[in-house]
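Here's a quick tour of the model shown below. Have the viewer open while you read.

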Number of protein chains: 2
Amino acid sequence: MSVNPSITSALDALRYTPDGLIAAIVQQAADPAASTPAGRVLMFAWMNREALERTFATGKMHYWSRSRNRLWLKGETSGHVQEVVSWYRDCDGDALLFAVRQTGGACHTGYESCFFQPLDFAGVALPVREDKRFEPEAVYGV
Amino acid sequence: MSVNPSITSALDALRYTPDGLIAAIVQQAADPAASTPAGRVLMFAWMNREALERTFATGKMHYWSRSRNRLWLKGETSGHVQEVVSWYRDCDGDALLFAVRQTGGACHTGYESCFFQPLDFAGVALPVREDKRFEPEAVYGV
């Protein structure tokens, strides 16, 4: 895979953890074809340099899985890919925000967003106010 | 400060880093009085148990500053506090999402959001498309 020299320089300017990771917040982009409201936060994940390079080379979100210790194309199993629409660096260069068009649902549990569980201010889980977008058993076969 | 036993139990159920921290994404809540669009991601920060307890005891976002190694009430210097409207736990309990009403601007640079800098897919910084909400020199006196 060829890497654009300009992107290499931009990625050099980011601030990574000692493990070489950077925090990525993923948010639904404005998309008239999607039922998900624009701005909904879909997930939080970690990226490394290779995940960033592959994301910009393909236009699809890639992450670093800390639990599986490997690079991961979001949707590689489920088909629920995330097409990058725009991205932003934060003021101190140690967190990134991506606006994406999400296919299916972002969460492995079947929900549109990983942040589907509201709680009250006493810490009690409130009823989940949405339906699953897909059945995980049908998608992941577990 | 008294801590609600229920919140203690909810906080026990979260998954913290070895340093006792959990990632917090902070997003503008729907607020007809605010010019900030609902859903805009304002900042990313870290919380520990005490930051969480103080946040729910006061209704105002508190964080753990890794650089200053101390608890931090957002707005303690600037007055730009964040009033918690709702909060969500992610599917695996290691990231939190807070919807807040932001006073002033969230970013110490004067912008509404810390994610004010868009980049293109070649990694080149694009022009910032918004004005500052405040002049940091006037607020922080530096």
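## The E5–E6 hairpin

In this predicted model, strand E5 (residues 82-89) of chain B runs antiparallel to E6(B), with seven bridges holding the pairing. To get your bearings on the register, look at B:Gln82, whose bridge partner in E6(B) is B:Gln102.

Five residues sit between the two strands of this hairpin, and B:Gly93 takes a positive phi there, near 70°.

## E6 and its other neighbour

E6(B) covers residues 95-102, and seven of its eight residues are buried, so the strand is largely enclosed by the rest of the structure. E6(B) also pairs with strand E1 (residues 22-28) of chain B, this time in the parallel sense and over six bridges. Within that pairing, B:Ile25 stands opposite B:Leu97.

## The core around Ile25

Which residues have the most contacts inside the largest nonpolar core? They are A:Ile25 and B:Ile25, in a core of 66 residues. As background, nonpolar side chains tend to be buried together in soluble globular proteins.

Leaving aside residues up to four places away in sequence, B:Ile25 touches B:Val41, B:Phe44, B:Ala95 and B:Leu97 in chain B, plus A:Ile25, A:Val41 and A:Phe44 in chain A.

## Where the chains meet

The contact takes 36 residues from chain A and 36 residues from chain B. On the chain B side, the elements giving two or more residues are helix H1 (5-12), E1, strand E2 (41-47), E5, E6 and strand E7 (117-119). H1(B) gives the most, with five residues. Sorted by class, this side of chain B has 23 nonpolar, 10 polar and three charged residues.

Strand pairing crosses between the chains too: strand E5 (residues 82-89) of chain A and E7(B) run antiparallel, joined by three bridges. Here A:Arg89 has B:Gln117 as its bridge partner in E7(B).

## How the copies are related

Try superposing the two chains: a turn of 180° with a shift of 0.0 Å along the axis lays chain B on chain A with an RMSD of 0.0 Å. That is the relation of a two-fold axis. If you want to find the axis from chain B, go to B:Gly39, whose C-alpha is the nearest to it in that chain, at 2.3 Å.

The interface fits in with this: 100% of the interface residues of chain B are also interface residues in chain A, so the copies meet through the same surface.

Key
Residues are numbered from 1 along each chain as its sequence is written. Chains are lettered from A and ligands numbered from 1 in the order in which they are written. This is a predicted model: local features need pLDDT of at least 70, side-chain atom pairs count only at pLDDT 80 or more; totals for chains, interfaces and linings use all residues. Copies are superposed by least squares on the C-alpha atoms of residues with pLDDT of at least 70 in both. Two residues are in contact if their C-beta atoms, placed from the backbone, lie within 7 Å. A nonpolar core is a set of buried Ala, Val, Leu, Ile, Met, Phe, Trp, Tyr and Cys residues joined through C-beta atoms within 7 Å. A residue is buried if 20 or more other C-beta atoms lie within 10 Å of its own, exposed if 12 or fewer, and partly exposed in between; C-beta atoms are placed from the backbone. Helices (H or I, at least four residues) and strands (E, at least two) are DSSP runs, numbered from the N terminus. Two strands pair if DSSP finds at least two bridges between them. Ala, Val, Leu, Ile, Met, Phe, Trp, Tyr, Cys and Pro count as nonpolar, Asp, Glu, Lys and Arg as charged, and the others, Gly among them, as polar.
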